[in-house]
Amino acid sequence: MWDFPLFPEQASTAARHVDQVYFALIALSIFFIFSIGGAALYFMTHYHFRRDADRRNVPKSNWKLEVIFIGSAVVVSTFFFFWGAYKYLKISQATDDALELFVLGKQWMWKVQYPEGQREINRLHIPVNQPIMLRLTSQDVIHSFYVPAFRVKQDVVPGRYTTLWFEATKTGTFKLECAEYCGTDHSRMLGEVVVMSAPDFARWLANRPVQSTMVAQGERIFARAGCSGCHTAASAVHAPDLQGLFGRRVALSTGETLVADASYIRDSILLPKKHVVAGYAPIMPSFEGQLSEQEIFALLEFIKFEPALNDAANASPNTEKNDANK
Ligand code: CUA
């Protein structure tokens, strides 16, 4: 679509939709500026006190005009509500095939983790025409992940996960900004999103130094932090089984049920008393302050893909035994 010169270029599937609503609202505002301003000017000159206008029989009310004014305002605003809501739903719903990346905001930088283990700071490489889902959190204050060319913006909030979905439609380098005042160097919390063709992206990923995948990192943390002491089939302690947990419905001791998503798992690690699984005693200690947000990202990947959740106890017997006996 046509790129308006004062706007950043349109480089994602969302950009066109956002701009359509935005331009329509600007056009509507211009229409009202001229029609209201024009009417005001006309009345000012026509009924100027020196003018010889007919001032008899001033109408007290005119119900037909009122019906037209109120009716058209209702129709126009309702139209914008439904159109905007439709567009919002269209651009905010992630597809299942999205590539999930993990982003941690901190004063004053963006740290990115790829599932395969690559890491970046203030730069995000992504393939073109591929849905991307970011899982975002902050380790200090509220930041906001903003890519103007993609027309997407999402607050990054400490203590919780937010997600952001987009699909780039052009290769190139685009600005990444923090759009929430977050302290002295907020204005320098900048980065870039590099959109590459699929083969270039695959080559880039392959050439990045990697120590281990996030699942493997998660598996190590699972053993080191002592999770495996309770949460494996072989463990003596009676704790909820994590196999196949991700996305499953969980019954809680309060009688409620909820879906075990990323936020639930994060809360269960840091605030284990918040949601106690039905049939289990609330004996799990909190890991607040013991695990970094990046380690929790890795644990999440491990629990989600669980390559060897039930054999985690056997995977690394040395570290495992020590932690379990603590
Ligand atoms: Cu981070 Cu502003």
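What follows is a short exchange about a predicted model.

Modeller: Local features need pLDDT of at least 70, side-chain atom pairs count only at pLDDT 80 or more, and totals for chains, interfaces and linings use all residues. Residues are numbered from 1 along each chain as its sequence is written, and side-chain values use heavy atoms, with hydrogens and water left out.

Biologist: Why is Cys182 called buried?

Modeller: Buried means under 20% relative accessible area, exposed over 50%, partly exposed in between (1.4 Å probe, protein chains only). Cys182 has 4%, so it counts as buried. Cys178, at 8%, is buried as well.

Biologist: How many disulfides are there?

Modeller: Zero. The rule asks for a pair of cysteine sulfur atoms within 2.5 Å.

Biologist: What puts Phe201, Trp204 and Leu205 on the same side of α3?

Modeller: They are buried residues of helix α3 (residues 198–207). They cover an arc of only 100° around the axis, so they share a side. The arc is that of the directions from the helix axis to the C-beta atoms. Helices (H or I, at least four residues) and strands (E, at least two) are DSSP runs, numbered from the N terminus. On the other side, Arg203, Ala206 and Asn207 are exposed.

Biologist: What makes the phi of Asn57 worth a mention?

Modeller: Most residues other than glycine have a negative phi. Asn57 is not a glycine, yet its phi is positive, about 50°. Arg151 also has a positive phi, about 60°.

Biologist: Which of these words fits Asn57, buried or exposed?

Modeller: Asn57 has a relative accessible area of 73%, so it is exposed. Arg151 has 13%, so it is buried.
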